[in-house]
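Me: Could you walk me through how to read a few features of a structure, one at a time?

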Amino acid sequence: MGVPRWCLDCRLFHVLVLVCTLCQVLFGSVAGQTAQLSVDASPQNGQMIPEKMFGIFFEELNHAGAGGLWAELVSNRGFEAGGINTPSNIDPWLIIGDESNIIVATDRSSCFASNPIALRMEVLCGASATNACPSGGVGIYNPGYWGMNIEKSKVYKVIMYIRSSDAVDLTVSLTSSDGLQNLSSYTITADKGDFAEWTKVEFDLQSSERNTNSRLQLTTTKNGIIWFDQVSVMPSDTYMGHSFRKDLASMLANLKPRFLKFPGGNYVMGNYLLNAFRWSETVGPWEERPGHFNDVWDYWTDDGLGFFEFLQLAEDLGACPVWVVNDGASRNEQVPSATIAAFVKDVVNGIEFARGDPETTWGSVRAAMGHPEPFQLYYISIGNQECSMQYYKEKYMKFYSAIKASYPDIKIISSCDRSSISPVNPADLYDVHVYTSSGDMFSKTRMFDNIPRSGPKAFVSEYAVTGNDAGRGTLVAALAEAAFLIGLERNSDVVDMASCAPLFVNDNDRRFNPDAIVFNSWQHYGCPNYWMLHFFKDSSGATLHPSTIQNYDQLAASVITWENSNDGNSYLKIKVVNFGNKAVNLNVSVTGLENGIQTFGSIKTVLTSGWLQDENSFQQPDKVVPAASPITNAGEQMGVVLYPYSLTSFDLLLDTSTSKHPQFQSILHPSM
């Protein structure tokens, strides 16, 4: 395993941390501490961690999708956000010119029955000297989601629908936020009557310059009336070609998630069912999707990022999709069990969309979208932490029975806790959410130590340190969460899956703090807890070894054996959180190894910083990131130093060419 380039930049800082730590130990400002870590690495005592142990959870909040992971640059592209009554608010669209030369208003003239709103633009000025339009023309512009990031030489695909009985001479431009810098333009011309019916217009714009705060302009100097609908600008260079913002999707891919839970959370429910996520309204051609108001997090979503796209994202990431379904409940309403049948059928139809043959009703819709092969959907979560609601248990059984009858291989996740699961209320997994302070999160390292080892397993689908010490993503929050994950790893015989929450936040719309990844239209960075997750990305499917710590209760540790798929090397990974303010001299003792530890090739990686409340930012995106360095004393018996308030992993390269135990070799090679 090589040393990442970003780690090298941090080495000087961590040398200083080590010097400071040694000074503290030597001069008594913080007393040193000694502890012992004993590891039983014998193969017969190892335990396989579930293949899908660590994944990610995406919820549409903080503009995580709209204006974030979904790469569409136009906000309110279909003019539907203002509602069905017209005229309506067209925010964030604005006019170029004034009311003496242009009037715009929505009406219900769209060619799409499911989203009937279109924009009517009446241009009062023209080319004549007595009624000339201003220089550059009049029209409308869209600033996107707090500015469009337009990159030099990049190509942007523009699609829009136009209708006009008049001749058309329309300039479509990408410009700076004030309209003074023109980045790229295209002129649409048509004779009178050419656009008498709604017409789809497509073309590419290639930018001559870069501007991170750009806008889309539609301008003309020609008198007349033009209607617009479904105006889209999409970068041509997206993740896997599937319209996900490349830099943000790559951040997810680098975590090697084994599952993707979507689309929420409260977003699934809505404050009212009127605004709940309805999967069937988010599939098919994007122009025909009605969109909906995300009333929990207070913004419009055009549902370009819909059910199909979530399934596609999971496939692109190599992750198993976990669909959270609406079970007839919002945050303020409940459909009683007696009338829940339509909701149950809707979920079964959704599974058919994901998995059905192309000849089936809903499978054919998926195939028409370009994916004839079924998606690998094997997990369904019924509702969102609704066990205490009046009708949940009755409704749950109707969903459970209907899904299992048609798809017996699907694992069903209950919102109820383990104590409520029984033969009459069965579940394959039960959902657990943990939101608490850093100190309490560290103490929950042992949360699953004493529960019965049989029965349904836990799916810890949401966890986060919250409160004052969480800030906008602090070191101490990341360390507490790391200790919690170590506890889950050690209890992976009763915990099957885990994911943090929330995943993304647009810095312009912080509805929930902290989050793993922060972004705006052109920048992004990982918070300390994002970098913490990298320490666990090789754990799924690895072998967990028994280990014990003695002499210091501020440590949490786990030990696994994992194989690097890039080079085929095997490593014994020791992860240790030091949640105390003392440097720790840790004596490591490993017994039972089938193969020895090589002298060279082992790596130590440390996540720490100078202050517990340190955070990353756009100005200092690498303030708290892992730093890697070679281990010079790698062995089955070794002494290491753990910095105060740190997460450290020791990846010890195993010598797989020879075995220390001939009896194991003879099992693998009977001829010996």
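Reply: Sure. Keep in mind that this is a predicted model. Let's begin with a single residue: Leu479 sits in helix H10, which covers residues 475-490.

Me: Is Leu479 buried or exposed, and how do I tell?

Reply: Look at the relative accessible area; under 20% is called buried. Leu479 comes out at 0%, so it is buried.

Me: Which residues does Leu479 touch, leaving out those up to four places away in sequence?

Reply: Its contacts are Val577, Phe579, Leu607, Tyr645, Ser646 and Leu647. You can also compare sequence and space: Leu479 and Asn529 are 50 residues apart along the chain, while their C-alpha atoms are 7.7 Å apart.

Me: Now the cysteines. How many disulfides are there?

Reply: Check the distance between sulfurs, with a cut-off of 2.5 Å. The structure has 2 disulfides. One joins Cys125 to Cys133, with an S to S distance of 2.0 Å, and both of these cysteines are buried. The other joins Cys387 to Cys416, also listed at S to S 2.0 Å. That pair links distant parts of the chain, 29 residues apart: Cys387 is in the loop between strand S19 (379-382) and helix H8 (392-406), and Cys416 is in the loop between strand S20 (411-414) and strand S21 (429-436). Cys387 and Cys416 are buried too. Number the bonded cysteines in sequence order and the pairing reads 1-2, 3-4.

Me: What handedness does the Cys125 and Cys133 disulfide have?

Reply: For that, read the torsion about the S-S bond. It is about 95° for Cys125 and Cys133, so this disulfide is right-handed. For Cys387 and Cys416 the torsion is about 90°, so that disulfide is right-handed as well.

Me: Why is there no bond from Cys500 to Cys527?

Reply: Distance again. The closest cysteine sulfur to that of Cys500 is in Cys527, 10 Å away, which is too far for a bond. Cys500 counts as buried at 4% relative accessibility, and Cys527 does at 1%.

Me: Last one: in what order do the strands of the open sheet of 4 strands come?

Reply: Follow the pairing from one edge to the other. Here the order is S28-S1-S31-S34, with mixed pairing. The edge strands, S28 (547-550) and S34 (637-642), each pair on one side only. Ignoring direction, neighbouring strands in this sheet are turned by 20° against each other on average.

Me: How many bridges join S1 to S31?

Reply: There are 8, between residues 33-40 of S1 and 584-591 of S31, and the two strands run parallel. To trace one of them, start at Ser38: its bridge partner in S31 is Ser589.

Conventions
Residues numbered from 1 in each chain as written. Predicted model: local features only at pLDDT ≥ 70, side-chain atom pairs only at ≥ 80, totals over all residues. Heavy atoms only, no water. Pairing = 2+ DSSP bridges. Axes fitted to C-alpha atoms, helices over the stretch in contact; angles between N-to-C directions. Buried < 20%, exposed > 50% of the residue type's maximum accessible area, 1.4 Å probe, protein only. Contact = heavy atoms within 4.5 Å.
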